[in-house]
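This report describes one protein for a reader who is new to structural work. Please keep the sequence and the model in view while reading.

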Amino acid sequence: MREALHLKPGQRIAFLRTGSTWKLVPVPNIEDLFGIAKGADTDTDNYRDRSTRLKDRLPVLADA
């Protein structure tokens, strides 16, 4: 599993529940996030806050 997720010894992972499915996600170090928003549009006219993003979500399917 470590090889499939490209995990390093001692690296932390998070367990995320999505409906009835669990996902294992590596927790990034702060250094890994450096430059992640490079080139992002910071114009406030194009800013989407949480309320507009929630409208665009797909409906959640009920558990079978």
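## Confidence in the model

Which element of the protein has the lowest mean pLDDT, and which has the highest? The lowest mean value, 62, belongs to helix α2, which covers residues 50-55. Strand β1 has the highest, with a mean of 89.

These scores matter to the reader since the model is predicted. Across the protein, the pLDDT averages 77. A score of at least 70 is reached by 67% of the residues.

## Overall organisation

The protein contains two helices and two strands. Read from the N terminus, these elements follow the order α-β-β-α. Helix α1 spans residues 2-5, strand β1 spans residues 13-18, strand β2 spans residues 21-26, and helix α2 spans residues 50-55.

The protein has 64 residues, of which 2% count as buried. Its exposed surface amounts to about 6700 Å². Carbon and sulfur atoms account for 56% of that surface.

## The hairpin

Strands β1 and β2 run antiparallel and are joined by six bridges. Together they form a hairpin, with two residues lying between them. Gly19 is located in the turn and has a positive phi of about 65°.

Individual pairings can be followed across the two strands. Ala14 stands opposite Val25 of β2, while Phe15 has Leu24 of β2 as its bridge partner. In a regular strand, side chains point alternately to one face of the sheet and to the other.

## Phe15 and the nonpolar patch

Is Phe15, a residue of strand β1, buried or exposed? Phe15 counts as exposed because its relative accessibility is 52%, and the cut-off for this class is over 50%. Phe15 also contributes to a nonpolar surface patch, together with Ile13 and Trp22. The area of this patch is about 340 Å².

Which residues does Phe15 touch, if those up to four places away in sequence are not counted? They are Trp22, Lys23 and Leu24. Trp22 is thus a contact of Phe15 and also a member of the patch. Leu24 is both a contact of Phe15 and its bridge partner. Phe15 and Pro26 are 11 residues apart in sequence, and their C-alpha atoms are 8.9 Å apart in space.

## Leu5 and the hairpin

Leu5 lies in helix α1. Its relative accessibility is 27%, so Leu5 counts as partly exposed; this class lies between the limits of 20% and 50%.

Where does Leu5 make contacts, leaving aside its neighbours within four places in sequence? Leu5 is in contact with Leu24 and Pro26, and strand β2 covers residues 21-26. Along the chain, Leu5 and Leu24 are 19 residues apart, and 8.5 Å separates their C-alpha atoms. Leu24 therefore appears twice in this account: as a contact of Leu5 and as the bridge partner of Phe15.

Conventions:
Residues are numbered from 1 along each chain as its sequence is written. This is a predicted model: local features need pLDDT of at least 70, side-chain atom pairs count only at pLDDT 80 or more; totals for chains, interfaces and linings use all residues. Side-chain values use heavy atoms; hydrogens and water are left out. Two strands pair if DSSP finds at least two bridges between them. Helices (H or I, at least four residues) and strands (E, at least two) are DSSP runs, numbered from the N terminus. Buried means under 20% relative accessible area, exposed over 50%, partly exposed in between (1.4 Å probe, protein chains only). Accessible areas come from the Shrake-Rupley method with a 1.4 Å probe; for residues, only the protein chains shown count as cover. Patches are made of residues with over 30% relative accessible area and no salt bridge: like charges are joined within 9 Å, nonpolar side chains (Val, Leu, Ile, Met, Phe, Trp, Tyr) within 5 Å. A salt bridge is a side-chain nitrogen of Lys or Arg within 4 Å of a carboxyl oxygen of Asp or Glu. pLDDT is the predictor's confidence in each residue, from 0 to 100. Contact means heavy atoms within 4.5 Å.
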